Amino acid sequence: MKRIYFTVTNSIVYDQRMQRICTSLANHGYSVCLIGRKVKNHPIPDKTTYRTILLNCIFAKSFLFYAEYNIRLFLYLFSQKMDIVCAIDADTLLPCLFYSKIKKVKRVYDAHEYFSEQKEIVIRKLIQWVWQLIEKWCIPQFKHGYTVNKILQNTFQQKFGVQYNIIRNLPLLPANFPANTTISDTKVILYQGAVNHGRCFETLIPAMKQVPAVLWIIGTGNFYEEAKTLIKAYGLEEKIQLVGAMLPEKLKTITPGAYFGLTLFEATGFNQTHSLANRFFDYIMAGIPQICVNYPAYAAIQQKYQVAYMVNTTDETTLANAMNNLLNDTVLYQQLQQQCGIARKKLNWQQEEIKLLSFWKNICIS
């Protein structure tokens, strides 16, 4: 039984991608351990088919957090025995690289995104330079890995000389789909995911002044307090609800009751325009249309399945018009909803899991 350790810096109870990956591998005979961070007021992970470890940190943000967490992670890894260590995104590359070299075990990189090209990093040039140095030195030494789309795959090959597989974060196809019954007397527009910089809240929130619906924002992140301030500044407390973080199992019961979802990113930073967000697929699986930025990774899927109302810009007027069009055009809405039903039969974890298991089988026998 091969022992695989996965490492993240976030709270693992809300990380659906890692939950799916670890569960799939554990169910197919691997000994899996997922290491994450213990976050104040977050629930303890439920019992799973894999081990979970939460590391305590004194610092919660900034350089001090990353420095402390990387040291704690390395020390914990050093006390363990494993066959393969897998770094999830650039913020755990260093301890995984050092451990694998010292202990002479295989290493894998799971690149959810192009870390140094996130908006919150791009706008701070010194911070970006540090992360770019880490990526430039570490990633070429992780010969095995996977990412979420063809664009990032090509980018990693060109910049770092690595040929990674593509494994997308697709939701499980349930045995029975929940009904698309409304969760409110008023139509609910849903944003689910990280409430971070670069997610267009600066234009989305004022756009809601022109939209006869309510907006639920489910998630937390580094823009949460700013979002709260904007909602108050525009007097939209009655139309926009900041729900906060929600456990994945509960979220799955909420999403199908929304009228449509939102997948929005600013065009600031390579990662913003070339990522592939989890929520894009979650809306499809829930059987609801969405308004989505017309960036290449999404456009490629849209061309095949027509599940979304695409927007070319994310300014206030464009978003307000798009939301009103989707609220009022019942024919278009029904067409998009029908396409979601078709697409989710292909865009699901049961299909993607086959590629995941093949990848890890090849790593273990190589």
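These notebook entries follow two backbone torsions and one helix pair through a predicted model.

Entry 1, Lys104. I looked up phi for Lys104 and found a positive value of about 60 degrees, although the residue is not a glycine. I then placed Lys104 in the chain, where it is found in the loop that runs between α3 (93-103) and β5 (106-111). For its surroundings I checked the relative accessible area, which is 73% for Lys104, so I noted this residue as exposed, the cut-off for that word being over 50%.

Entry 2, Gln306. I turned to Gln306, a residue other than glycine, and read a positive phi near 50 degrees. Gln306 lies in a loop as well, the one between α12 (296-305) and β13 (308-311). Is Gln306 exposed or partly exposed? I found a relative accessible area of 34%, and therefore wrote down Gln306 as partly exposed.

Entry 3, α1 and α15. I next took up helix α1 (residues 16-27) and helix α15 (residues 349-365), whose axes come within 10 Å and cross at roughly 65 degrees. The handedness of this crossing, in which α1 passes α15, is right-handed. Which residues of the two helices meet? From α1 I listed Arg20, Ile21, Ser24 and Leu25, and opposite them, from α15, I listed Trp349, Glu353, Leu356, Leu357 and Trp360. Sorting the residues of this contact by type, I recorded six nonpolar, one polar and two charged. The charged ones are Arg20 of α1 and Glu353 of α15, while Ser24 of α1 is the polar one.

Terms used
Residues numbered from 1 in each chain as written. Predicted model: local features only at pLDDT ≥ 70, side-chain atom pairs only at ≥ 80, totals over all residues. Heavy atoms only, no water. Helix = DSSP H or I, 4+ residues; strand = E, 2+ residues; numbered from the N terminus. Buried < 20%, exposed > 50% of the residue type's maximum accessible area, 1.4 Å probe, protein only. Axes fitted to C-alpha atoms, helices over the stretch in contact; angles between N-to-C directions. Left-handed = near helix turned anticlockwise from the far one by under 90°. Contact = heavy atoms within 4.5 Å.
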